[in-house]
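Q: Could you zoom in on one part of this model and take me through it slowly? I'd like the geometry with the cut-offs spelled out, and then how that part fits with the rest.

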Amino acid sequence: MSRKLRRVRDDDNNPCILETDASRKCMDDNSYNKDMCTIHFLRYKNCRKFWNGIMMQRRKDGIQPNMPTAEEREKILESIGGMPY
């Protein structure tokens, strides 16, 4: 597995792995008809937007690493009552 692919598949670097996999599976299942997978694309987009906002706030506050680890993300989601996207 290439370094880039390992980074994309790493839970600590990519908070939206589930949404990515769901989008890809939908595309595979529906012969790459994008109209059938709109909901999955929106979930992925909202996931990226949410975690990007968290990352930008942490960067502004000087917290390292900028992207919370997988454990920290679970705690954040629990504190707000689940996934907001």
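A: Let's start right after helix H2, where Ser31 follows with a positive phi, near 50 degrees. A quick word on ground rules: this is a predicted model, so local features need pLDDT of at least 70 and side-chain atom pairs count only at pLDDT 80 or more, while totals for chains, interfaces and linings use all residues. Residues are numbered from 1 along each chain as its sequence is written, and side-chain values use heavy atoms, with hydrogens and water left out.

Helices here are DSSP runs of H or I with at least four residues, strands are runs of E with at least two, and both are numbered from the N terminus. Ser31 sits in the loop between H2 and H3, and Tyr32 lies in that loop too. Tyr32 also has a positive phi, about 60 degrees, although it is not a glycine. Most residues other than glycine have a negative phi, and most peptide bonds are trans. For accessibility, buried means under 20% relative accessible area, exposed means over 50%, and partly exposed is in between (1.4 Å probe, protein chains only). Ser31 is exposed because its relative accessible area is 66%, and Tyr32, at 54%, counts as exposed as well.

Now step back into H2 itself. It covers residues 17-29, 13 residues, and reaches 18 Å from first C-alpha to last, close to the 18 Å expected at 1.5 Å a residue; that expected span is 1.5 Å times one less than the number of residues. The buried residues in H2 are Ile17, Glu19, Thr20, Ser23, Cys26 and Met27. An α-helix has 3.6 residues a turn, so residues three or four places apart point the same way. Helix H1 (3-9) and H3 are among what covers the buried residues of H2, where contact means heavy atoms within 4.5 Å. Arg24 is also in H2, but this one is partly exposed, since its relative accessible area is 48%. Between Arg24 and Lys4 there are 18 Å in space, C-alpha to C-alpha, and 20 residues in sequence.

Past the loop comes H3, which packs with H4 at an angle of about 110 degrees, the axes being 13 Å apart. That makes H3 roughly perpendicular to H4. Axes are lines fitted to C-alpha atoms, for helices over the stretch in contact, and angles run from 0 to 180 degrees between N-to-C directions. Under 35 degrees counts as roughly parallel, over 145 as roughly antiparallel, 65 to 115 as roughly perpendicular, and the rest as oblique. On the H3 side Phe50, Trp51 and Arg58 meet Glu72, Arg73, Ile76 and Leu77 of H4. The loop between these two helices holds Pro65, and a cis peptide bond joins Gln64 to Pro65, with omega about -5 degrees.

The rings deserve a look too. Rings of Phe, Tyr and Trp (its six-membered ring) pair if their centres lie within 6.5 Å; planes under 30 degrees apart are stacked, over 60 edge-to-face, and the rest tilted. By this rule there are two aromatic pairs. Phe50 and Trp51 make an edge-to-face one, at 4.8 Å centre to centre and 80 degrees between the planes. Phe50 and Tyr85 have ring centres 5.9 Å apart and planes at 50 degrees, so this pair is tilted. That second pair links distant parts of the chain, with Phe50 in H3 (residues 38-61) and Tyr85 in the segment after H4 (70-79), 35 residues apart. Ring pairs thus tie Phe50, Trp51 and Tyr85 into a cluster. Trp51 is buried, at 2% relative accessible area, whereas Phe50 is partly exposed, at 22%. On top of that, the charged end of Arg73 sits over the Trp51 ring, 6.0 Å from its centre; the test is NZ of Lys or CZ of Arg within 6 Å of the ring centre and within 35 degrees of the ring normal.

Zooming out, the protein chain has four helices and zero strands. Its C-alpha trace spans about 45 × 35 × 20 Å along the principal axes. Of its 85 residues, 26% count as buried. Among contacts with a separation of 6 or more, 47% come from residues 24 or more positions apart.
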